[in-house]
Amino acid sequence: MQTSTVTLNVVHRLEDLALPAPGESSSAAVPIDGPRAYRVLGLVEAGFPSPAEEELRDTMSLDEFLVSNPDASFLLKVSGDSMTGAGILPGDLVIVDRGQTAKSGDIVIAEVDGEWTMKFLKKSGDAVYLVPANPKYKPIRPQRELKITGVVTAVVRKYQRGSGARGKGGGAGVSGQTDGG
């Protein structure tokens, strides 16, 4: 079976690079000014199976890749299901940059009429809306006040061993949302 052969080839390539077993320390993660840099081994097809590329491409710091403005960024843990279509699930972490100016179409963390939420920001003329990515919720139009705290720049999801992957869509919001998600 081609998938097994590709998997074995990648495993052998990882062994050749002397990557450690889980729990062992390694030179595979090299500190670069604080953040860790991880080896980028190549590309993997997420669609139809194809031969795996097995060459060392580069090293990458996840901190530098995910956070462009560390002094103005923070993490929030997601709850609720109002961002289903954006692929943000309950339990995910979102990285929020409070230094960015929010534009129409950005996913934002906002305080709307005293309640916190995460939604798409939509501007139409003078009107401003917060739009969920789940059709069971309606857009929110601020009645009194809208404060944008920051722009969501990344989503971090950790898959738990034995619990199955949660990559089927899903949704999210920030605790305290007024629409239940």
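## Core, surface patch and salt bridges

Let's start with one tyrosine: Y38 is partly exposed, because its relative accessible area of 37% falls between the 20% and 50% cut-offs. Y38 sits in strand β2, which covers residues 36-40. On the surface, Y38 joins M60, L62 and F65 in a nonpolar patch, and together these residues have about 390 Å² of accessible area.

Keep in mind that this is a predicted model. The mean pLDDT of the protein is 74, with 62% of its residues at 70 or more. Among the elements, β6 has the highest mean pLDDT, at 97, and strand β1 (residues 29-31) the lowest, at 35. The pLDDT is below 50 over residues 1-33, a stretch with 35 contacts in the model beyond near neighbours in sequence. Residues 165-180 also stay under 50, and there the model has 66 contacts beyond four places in sequence. Where pLDDT is low, the predicted coordinates shouldn't be read in detail, so take the contacts of those two stretches with a pinch of salt.

Now the overall layout. The protein has two helices and ten strands. Reading from the N terminus, the order is α-β-β-β-α-β-β-β-β-β-β-β. Of the contacts with a separation of 6 or more, 60% are between residues 24 or more positions apart. Buried residues account for 28% of the 181 residues. The protein exposes about 11,500 Å², and 53% of that comes from carbon and sulfur atoms.

What makes up the largest nonpolar core? It has ten residues: V78, M83, I88, V94, V96, I107, I109, M118, A133 and V152. Strands β5 (93-97) and β6 (107-112) each supply at least two residues of this core. There is also a second, separate core of eight residues, with A102, V108, V112 and L121 among them. As background, nonpolar side chains in soluble globular proteins tend to be buried together.

On to the charged side chains. Ones of opposite charge can pair when their charged atoms come close. How many salt bridges does a search of the whole structure find? It turns up three, listed here with their N to O distances:

| Lys or Arg | Asp or Glu | N to O distance |
|---|---|---|
| K136 | D81 | 2.8 Å |
| R157 | D92 | 2.7 Å |
| K147 | E145 | 3.9 Å |

The D81 and K136 pair links distant parts of the chain, 55 residues apart. D81 is in the loop between β4 (73-79) and β5, while K136 is in the loop between β8 (127-131) and β9 (146-156). K136 is exposed, because its relative accessible area of 57% is over the 50% cut-off.

R157 and D92 tie together parts that are 65 residues apart in sequence, since R157 lies in the loop between β9 and β10 (173-174) and D92 in the loop between β4 and β5. Are these two residues buried or exposed? R157 is partly exposed, with a relative accessible area of 24%. D92, at 1% relative accessibility, counts as buried, because the cut-off is under 20%.

That leaves K147 and E145, whose closest N and O atoms are 3.9 Å apart. The pair still counts as a salt bridge because the limit is within 4 Å. K147 is partly exposed at 42% relative accessibility, and E145 is partly exposed at 40%.

How values were computed: Residues are numbered from 1 along each chain as its sequence is written. This is a predicted model: local features need pLDDT of at least 70, side-chain atom pairs count only at pLDDT 80 or more; totals for chains, interfaces and linings use all residues. Side-chain values use heavy atoms; hydrogens and water are left out. A nonpolar core is a set of buried Ala, Val, Leu, Ile, Met, Phe, Trp, Tyr and Cys residues joined through side-chain atoms within 4.5 Å. Buried means under 20% relative accessible area, exposed over 50%, partly exposed in between (1.4 Å probe, protein chains only). Helices (H or I, at least four residues) and strands (E, at least two) are DSSP runs, numbered from the N terminus. Patches are made of residues with over 30% relative accessible area and no salt bridge: like charges are joined within 9 Å, nonpolar side chains (Val, Leu, Ile, Met, Phe, Trp, Tyr) within 5 Å. Accessible areas come from the Shrake-Rupley method with a 1.4 Å probe; for residues, only the protein chains shown count as cover. A salt bridge is a side-chain nitrogen of Lys or Arg within 4 Å of a carboxyl oxygen of Asp or Glu. pLDDT is the predictor's confidence in each residue, from 0 to 100. Contact means heavy atoms within 4.5 Å.
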